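Let's take a walk through this one, from the sheets and helices down to a few backbone oddities. Have the model open alongside as you read.

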Amino acid sequence: MKNDLRSEKVLIIDFGSQYTQLIARRVRELGVYSEIRAWSVDPEEIIELNPTAIILSGGPESVAQGNSAPSIAPSVLTMGIPVLGICYGMQIMASQMGGAVENCDRREFGYAQVKVEHASALLMEISDRVDESGDELLDVWMSHGDNVSRMPDGFLCIASTESCPIAGMADENKRLYGIQFHPEVTHTMQGSEIFKQFLFQISGCKPSWTAVAIIDDQIARVRSKVGNSNVLLGLSGGVDSSVVAALLHRAIGDQLTCVFVDNGLLRKNEGFSVMEMFAKNMGAKVVHVDAAEKFLTRLKNVTDPEMKRKIIGNTFIEVFDQESAKIKNVKFLAQGTIYPDVIESAASNTGKAHVIKSHHNVGGLPKDMQLKLVEPLRELFKDEVRKIGVELGLPPDMVYRHPFPGTGLGVRILGKVKKEYADLLREADALFIEELHAHGWYEKTSQAFCVFLPVKSVGVVGDARRYSWVIGLRAVETVDFMTARWARLPYDLLERVSSRIINEIPEISRVTYDISSKPPSTIEWE
C-alpha cells in the first residue's frame, strides 16, 4: 500500500538521550513524520528508509572516550541530505569528520545565553534579544560535559557561550549543522523556530503530518489489515481506548465490538458513562462484562506492582478470548497502546535506556494469545491522540479527560488490592476531581488522582479517636508525560479537598499531597 503520509520523513538517530522522544514529538508537531532508530542502525536500513533529513540526538556517553563511544556510520554524513546534530550528536559529527572533542573545564547544565556568531540558514533571523553591542542572543537549555574544541574543515562557528566557544557549527554547502544546546525542550525559547528552519528552509519538508491525514492513513491501514474479520476492543473509557473506538468504528463499522470490562478497579460511575457515550450516542456495539470478582480474586495478596500489571493484562486477554468465542469471525484485538507506553515498557535498542515500568497492554500479553493485535495509536503521542479524537467528533470534555491507567485503581492502591480499598479510593478520587473542576484547576493540571496508602493514622472526630486510612493526592503539569512537575495547587483548594474527604468518608483520617516531580519519580505511584 503506497503511503504518501510517510514518504517524506525525518530519521532521528538515538544515542540514548532522555529527550530523543521529545525531538520526535517536536518534529511531528510541525507536521513532519519522524521515525527513531538506534545509533547502531545498519546503513542499508537508512538507505531503505530514504529519509528527507536526519537528526542526531544527544546522549549520556562521552565522545572523548574514543572508540568505546557510540558512533554513526560515516555514510550518514555523506548521503547529501541535511543533518542536524544536537549535543552529543554535534560532538560525534565533529569527531567523525576530523574535528576534536574534549572534556569541559566548566560544564553547562541548565539555562544558558547563546550568542549568534554567524547568520547561518539554521539560525537566520532567530533570536530572543539583542544586547548593547548588537549581538543577537538566544535563551537555551544546555546539558553537556564535553565541548567541540576544533571544528572539521569547512565548518563555521554559528553560536557560542562564555564557557563553550563553539556552541553551534555549520557546513552550509553540505547542509550539516550542529548545536550544543537542546532545541527540543521548552526551556529553549526559540527551539520550535530552529526546527522550522531545519525542516522547511534547509530540508524542504512539507507539513503533511496532520490529524486528518493520520486518520485517513490509519483507516486505510486498518481496513487493509483486518479485511472482513471482526475486531474486539477493550474499552476502558479512557482517552486512548475511546479514540481507538471512534477511529475503528469509522473504519470498519459493525465489524467492531467494544468490550467494556468492569474489573472492579474503575472510577466512580465509569460503567454508566462509557455505555452512554458509545452505545447510545455513537451507535457502536458495546458488550458490558462484569468481571470484578475474577480480577479481585486473582489480585488477592499480590503486592508487587509489576505482578499486578501482568495479572490484570492476562485477565483482560482471557476475558476477551471468552467474549470472542461468542462472536463469529473475530481475529483481532484492538488496543489503545500509545508511544509512551512502548517507551517506558522496554529498554531502547541503544541499551542505554532502562525499564521504568511495564504497561499491561505491552508487557502483560500472553504468548499464546489467539487474537492478532491492531494498535492504530502505537506511533502517536498523547497530544496527537487528543487532536485525532477531536477531529473524529468526540466530546472535548472526554478527549481532554485526564489519563487513567489501563490497570485502573490496581496501581493506585499500594500493596494488596481489596474491594473495600477500591471503594474508598473511588469516593475520594471523585471528590478530588469534583473540587478541581469547581475551582477551575482541572484544565490547568494534566493528570490528577488519589492514591490509597495501606497505613492507618490517628485522627480526632469530635471527642472520639479515629484510626483510619490515609489518602495521597497527586496532581501534575506536563506537556508530553515523559517529564512532569507537581502542580502548585492553591492551599485553599487542598484544604477544601482534605476537609471533604475526611468528613465525607469516615474510613479516612488523613490526606497528604505528593510534591514529587518526574523524574526522579513517576507520575503513578506504582
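## The five-stranded sheet

In what order do the five strands of the open sheet run? The order is 13-12-11-14-15, and the pairing is parallel. Strand 13 (285-290) and strand 15 sit at the edges with a single partner strand each, so one side of each has no neighbour in the sheet. From one strand to the next, the twist averages 30 degrees. Keep in mind that this is a predicted model.

Zoom in on strand 11 and strand 14: they run parallel and are joined by four bridges. If you want a landmark there, Val231 stands opposite Phe332 in strand 14.

Now for the helices packed on this sheet. Helix 6 lies across strand 11, strand 12 (256-262), strand 14 and strand 15, and it runs at about 165 degrees to strand 11. Helix 7 (residues 270-282) packs on the sheet too, touching strand 12 and strand 13, and its direction makes about 165 degrees with that of strand 13.

## Helix 5 and its cover

Helix 5 (residues 211-226) passes a simple length check: at 1.5 Å a residue its 16 residues should span 22 Å, and the end C-alpha atoms are indeed 22 Å apart. Just after the helix, Gly227 takes a positive phi of about 65 degrees.

Which residues of helix 5 are buried? They are Ile214, Ile215, Asp217, Gln218, Ile219, Val222 and Val226. The cover over these buried residues includes strand 11 (230-234), strand 14 (330-334) and strand 15 (372-374), along with helix 6 (239-252) and helix 12 (382-391). So several elements from the five-stranded sheet turn up again here, strand 11, strand 14 and strand 15 among them.

## Strands 1 and 2

Over at the start of the chain, strand 1 (residues 9-14) and strand 2 pair in the parallel sense over six bridges. Ile12 stands opposite Ile36 in strand 2. To get from strand 1 to strand 2, the chain goes through helix 1 (residues 20-29), and this β-α-β crossover is right-handed.

Why call strand 2 (residues 33-38) largely enclosed by the rest of the structure? Because five of its six residues are buried.

## After strand 19

Asp514 is found in the segment after strand 19 (508-513). Is Asp514 buried or exposed? Buried: its relative accessible area is 10%, and the cut-off for that label is under 20%. Asp514 touches Leu473, Arg474, Trp486 and Trp525, leaving aside residues up to four places away in sequence. A polar atom of the Asp514 side chain also lies 2.9 Å from the backbone nitrogen of Ser516.

The segment after strand 19 also holds Pro519 and Pro520. The peptide bond from Lys518 to Pro519 is cis, with omega near -15 degrees. The bond from Pro519 to Pro520 is cis as well, with omega near 10 degrees.

## Positive phi outside glycine

Two loop residues are worth a look if you check backbone torsions. Arg175 is a residue other than glycine, yet its phi is positive, near 55 degrees. It belongs to the loop between strand 9 (168-171) and strand 10 (176-179), and at 29% relative accessibility Arg175 counts as partly exposed.

Asn301 is not a glycine either, and its phi is positive at about 70 degrees. You'll find Asn301 in the loop between helix 8 (292-298) and helix 9 (305-324).

How values were computed. Residues numbered from 1 in each chain as written. Predicted model: local features only at pLDDT ≥ 70, side-chain atom pairs only at ≥ 80, totals over all residues. Heavy atoms only, no water. Buried < 20%, exposed > 50% of the residue type's maximum accessible area, 1.4 Å probe, protein only. Polar contact = N/O pair within 3.5 Å; in protein donor to acceptor, adjacent residues only side chain to side chain. Contact = heavy atoms within 4.5 Å. Expected span 1.5 Å × (residues − 1). Pairing = 2+ DSSP bridges. Axes fitted to C-alpha atoms, helices over the stretch in contact; angles between N-to-C directions. Right-handed = clockwise from strand over helix to strand, strands pointing away.
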